[in-house]
Amino acid sequence: FDYDVNRLYDTNYLNIPKLPIPEVEETVQAHLLSIKPQVSAEQFEKQVQLAKEFVENDAPLLQKQLQHISPEDGYPYSYIEKFWDDMYLGG
């Protein structure tokens, strides 16, 4: 059995399906779930209110802009990859 990890990477990495853009509500709920054990009840309620305002006001436009990003922008894995590189690597 001849197994070459480099060959596997070179031939298949672009064939991996791109990650879908999640719905804003799913992301907000995941955020709230992740912070709940770490904050007080008062802080959590404030975050719930801020999240609600975000979903109602800013999120629709941001989601629409995110959905209009071309999937062929040179980043094979995820819609977020270019933003990540720009933010952390000075892209």
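This passage describes the largest pocket of a predicted model and the packing of two helices beside one of its lining residues. Local features require pLDDT of at least 70 and side-chain atom pairs count only at pLDDT 80 or more, whereas totals for chains, interfaces and linings use all residues. Residues are numbered from 1 along each chain as its sequence is written, and side-chain values use heavy atoms, without hydrogens and water.

The largest pocket (an open set of points on a 1 Å grid over the protein atoms alone, where a 1.4 Å probe fits, with protein on both sides within 12 Å along at least five of seven lines) holds about 320 Å³ of space. Its lining (residues with an atom within 4 Å of a point) comprises 15 residues, of which Val24, Thr27, Phe54, Gln63 and Leu66 are the closest to the centre. At least two lining residues come from each of helices H2 (24–35), H3 (41–56) and H4 (59–67), helices being DSSP runs of H or I with at least four residues.

Gln63, in helix H4, is buried (under 20% relative accessible area), its value being 11%. Gln63 is in contact (heavy atoms within 4.5 Å) with Ile21, Pro22, Glu23 and Val24, residues up to four places away in sequence being excluded.

H3 and H4 pack at about 55°, with axes 5 Å apart; axes are lines fitted to C-alpha atoms over the stretch in contact, and angles run from 0 to 180 degrees between N-to-C directions. The two helices are therefore oblique, a term for angles outside the ranges under 35, 65 to 115 and over 145 degrees. Phe54, Val55 and Glu56 of H3 meet Ala59, Pro60 and Leu62 of H4.

How values were computed
Grid points are joined across faces, edges and corners, and a volume is the space filled by probe spheres set on the points. Buried means under 20% relative accessible area, exposed over 50%, partly exposed in between (1.4 Å probe, protein chains only).
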